[in-house]
Amino acid sequence: ADPVDPGVLELLASHLASCGAYARAEQLFGLSQRLSAAGGRDTGTLDRILTLHALSWGARGPRGPIDALGADLAQMRYRVEQEVKQREGQVLEGSVPAPEAARLAPDAEILRLLAAVDAGDGAVLAESARDFAGSVEGRLRMMADPSMRPEGLTQEEFAFQVVVGLVRRSIVWAFAATDEAALAADLQALEVDVKLPAQTPAMRVIAAWRAIRRGAAAEALPLLEGGLGDDEFVTAMGRLARAEALFATGDLAGATREWDEIHVTAPLSAYGVYAWRRLDAVGAERQARRALADEVTRVAGTLPGWLDAMLGDVRNAIYLEVLAPGQSLPAAERTTLDVTLRNISRMPLGLGPDRSVSARLLVGSRIGRAEEWMGIDDGLAEVVSLERRLRLLPGEELRARVWVDPGLSGWLTEADSAVTSRQRFRVVQGFVATQHGGLGVGPWCVFAESGVVTRTTLPEALLTPDDLAQRLATAPADQVP
C-alpha cells in the first residue's frame, strides 16, 4: 500500500478507531486531509468535517465537538444578524430571515445531539433538538411552495420527503425527551394524516425510545425485534435504542454486543463514537477495551518517525533542483533548464499521475526586477511532464533537460528582445489549481528556483526598417524563412 495515499491513511484511521485508538486515528486522518488537499480534492465537505469532529470526540470527549459546532452556529447567526442590520429599511419586511433561522446541517445537528447526551449537557441537548426540528420545519415549508421545490421533484416525491422529515424529527424528540408536546403533534400527523402503520420500523423506533425515556425499557425490546429497515438514521437510532433497552433491563452482555457492533461497523460516525462512549461509560469490559486501544496505539506508534515526518512535510521526501545551463542566453534561443527530482525518503515512491510524487512541473519566470512570477498566478505558466519512470527508489533521482518556455511565456520573452533582461525561473512540482482559477504551490508540493539568466539583446531588433529589409535581402537562403 502507498503510505502517502489518502485512501490508505483513511482506512488505517478507521481500523484504529474501531479498536478505540481514536487519538492516533485522528492524527492519520489529519494527514489524509493534508494529502487530499495537495491533490486538489475538496477537504471541506460536510462528511469530512463531521469525521474530524467524531474523531475529536472519541479522542478527547464530547466537549470539543459541542463547542466547535456551537461556535459555527453562533458565527452563522451573527452573519445573518449583521446582514439584517445592513439591509434594514432597504428590503421588504421578512425578506431576510431571522438569525435563529440559521442552523447546522441535519447530520451535524445529530452529532451535536448525541454528543450532548454523552456530556450530560441538558441545555445543549434541548437546543439541539429544537434546532433539528426547526431545520425539518424550514425544509418542509420551503418544499410546500412549488416555486421553491428542487427542479423535477414530483408531488409523490414531495410527500415522501414530508414523511421522512416528520419521522426523523419524531425520533429526535423521542430520543431527547425534551418536548413531549412537540412529539405528540408529530405523532398525530404521522398516525392520522399520513396513516403510517405502527409496525413500520420508524414508528417502532419512536415508540421504543418513548418507552425507554419513561423507564419502561422492557416494553421497548419487543418493538425492536426483527429488521429496522434500510434508512441509515432510523436503523442507527433503532440499534442504539435496542442496546439501551438491553442495558436498562439488566442484560449487560447483550447491550455490550449491540454497542460493540455499532461501533465496529461505523467507528468514524457519530453513532459509532456514541456507542464506544456508552461502552466505556457503563464499564463493559473497560479494562480489556482500553488495553486493546493502548496496544493498538503503541503498535501504530512504532511506525518510523521519519514516515510521520515525510507525510507531514514533503521536503522530507522529495528534493527538487533547477539549474540553468548557462548564465547568458541569446534572446531568441529556446530556454532549457536541468531539472533533478530526487527521492530523499527511506522508501520507494510512485511517480506519475495519482501516485505519491507528481511528475508534472509548473514553470513560471520573473524578468528583470519584476515582483510577480509570470505564469504562476496569471495562467501563463508552462507545464512540463517528466513521466519517464514508474517509481523512484530511496536515493534515486530523475534528471532531465527540459524546454520550459515553448508557449506564450516564451513568445512574450522574445517580444521584449530589444533590451537586455535578467530572468529567473521557478519550478513547482505537484502544483494545484488555486481558488482564483490559476495554478500554484499546494500543501504537498515542492518548488525550486533557478539562478539568474541574462537574456542578451537580439541585434536584429535594433535595426531600422530599411536596415532590416537590406539584411533580409542579402541573407543566405538557409537563414531566411
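Ser-56 is buried, with a relative accessible area of 13%. That figure comes from a predicted model. Ser-56 sits in helix H3, which covers residues 46-60. The protein has 481 residues, and 44% of them count as buried. Its secondary structure comprises 17 helices and 13 strands.

**Ser-56 and the overall fold**

- Ser-56 of helix H3 touches Glu-26, Gly-61 and Pro-65, once residues up to four places away in sequence are set aside.
- The cut-off for buried is under 20% relative accessible area, so Ser-56 at 13% falls in that class.
- Contacts often span long stretches of chain: among those between residues at least 6 apart in sequence, 64% join residues at least 24 apart.

**Helices H6 and H7**

- Two packed helices are described by the angle between their axes and the distance between the axes.
- Helix H6 spans residues 122-144, and helix H7 spans residues 155-176. They pack at an angle of about 170 degrees, with axes 10 Å apart.
- Angles over 145 degrees count as roughly antiparallel, and H6 and H7 are therefore roughly antiparallel to each other.
- On the H6 side, the contact residues are Leu-125, Ala-129, Arg-130, Phe-132, Ala-133, Val-136, Glu-137, Leu-140, Met-143 and Ala-144.
- On the H7 side, they are Phe-158, Gln-161, Val-162, Gly-165, Leu-166, Arg-168, Arg-169, Val-172, Trp-173 and Ala-176.
- By class, the residues of this H6 and H7 contact are 14 nonpolar, two polar and four charged.

**Nonpolar cores**

- The largest nonpolar core holds 85 residues. Leu-114, Trp-209, Met-237, Leu-240 and Tyr-271 have the most contacts inside it.
- Helix H7 gives this core its largest share, 11 residues.
- Another core lies apart from it and has 27 residues, including Leu-341, Val-384, Leu-398 and Val-404.
- Leu-240 is in contact with Leu-114, Trp-209, Trp-259, Ile-262, Tyr-271, Tyr-274 and Ala-275, leaving aside neighbours within four places in sequence.

**The S1-S3-S8 sheet**

- Strands of a sheet pair through backbone hydrogen bonds, either parallel or antiparallel.
- Here three strands form an open sheet in the order S1-S3-S8, with antiparallel pairing.
- S1 and S8 stand at the edges, each with a single partner strand, so one side of each has no neighbour in the sheet.
- From one strand to the next, the twist averages 15 degrees.
- S1 (residues 318-323) pairs with S3 (residues 336-343) over six bridges. Ile-318 has Asn-343 in S3 as its bridge partner, and Val-322 has Val-339 in S3.
- S3 also joins S8 (residues 397-403), through seven bridges. Arg-342 stands opposite Glu-397 in S8.

**Strand S13 and its partners**

- In a regular strand the side chains alternate between the two faces of the sheet.
- S13 shows this alternation: Val-453 and Arg-455 point to one face and are buried. Thr-454 and Thr-456 point to the other face and are not buried.
- Strand S2 (residues 328-330) runs parallel to S13 and is joined to it by three bridges. Ser-328 stands opposite Thr-454 in S13.
- Strand S9 (residues 421-429) runs antiparallel to S13, and three bridges join these two strands. Gln-423 has Val-453 in S13 as its bridge partner.

**Leu-458, in the loop after S13**

- Leu-458 is in the loop between strand S13 (453-456) and helix H17 (465-474).
- Leu-458 counts as partly exposed, at 26% relative accessibility. The class runs between the buried cut-off of under 20% and the exposed cut-off of over 50%.
- Leu-458 is in contact with Ala-331, Ala-332 and Ser-417, leaving aside neighbours within four places in sequence.
- Leu-458 and Ala-418 are 40 residues apart along the chain, and their C-alpha atoms are separated by 6.0 Å.

Definitions and conventions: Residues numbered from 1 in each chain as written. Predicted model: local features only at pLDDT ≥ 70, side-chain atom pairs only at ≥ 80, totals over all residues. Heavy atoms only, no water. Axes fitted to C-alpha atoms, helices over the stretch in contact; angles between N-to-C directions. Helix = DSSP H or I, 4+ residues; strand = E, 2+ residues; numbered from the N terminus. Parallel < 35°, antiparallel > 145°, perpendicular 65-115°, else oblique. Contact = heavy atoms within 4.5 Å. Nonpolar A, V, L, I, M, F, W, Y, C, P; charged D, E, K, R; others polar. Core = buried A, V, L, I, M, F, W, Y, C linked by side-chain atoms within 4.5 Å. Buried < 20%, exposed > 50% of the residue type's maximum accessible area, 1.4 Å probe, protein only. Pairing = 2+ DSSP bridges.
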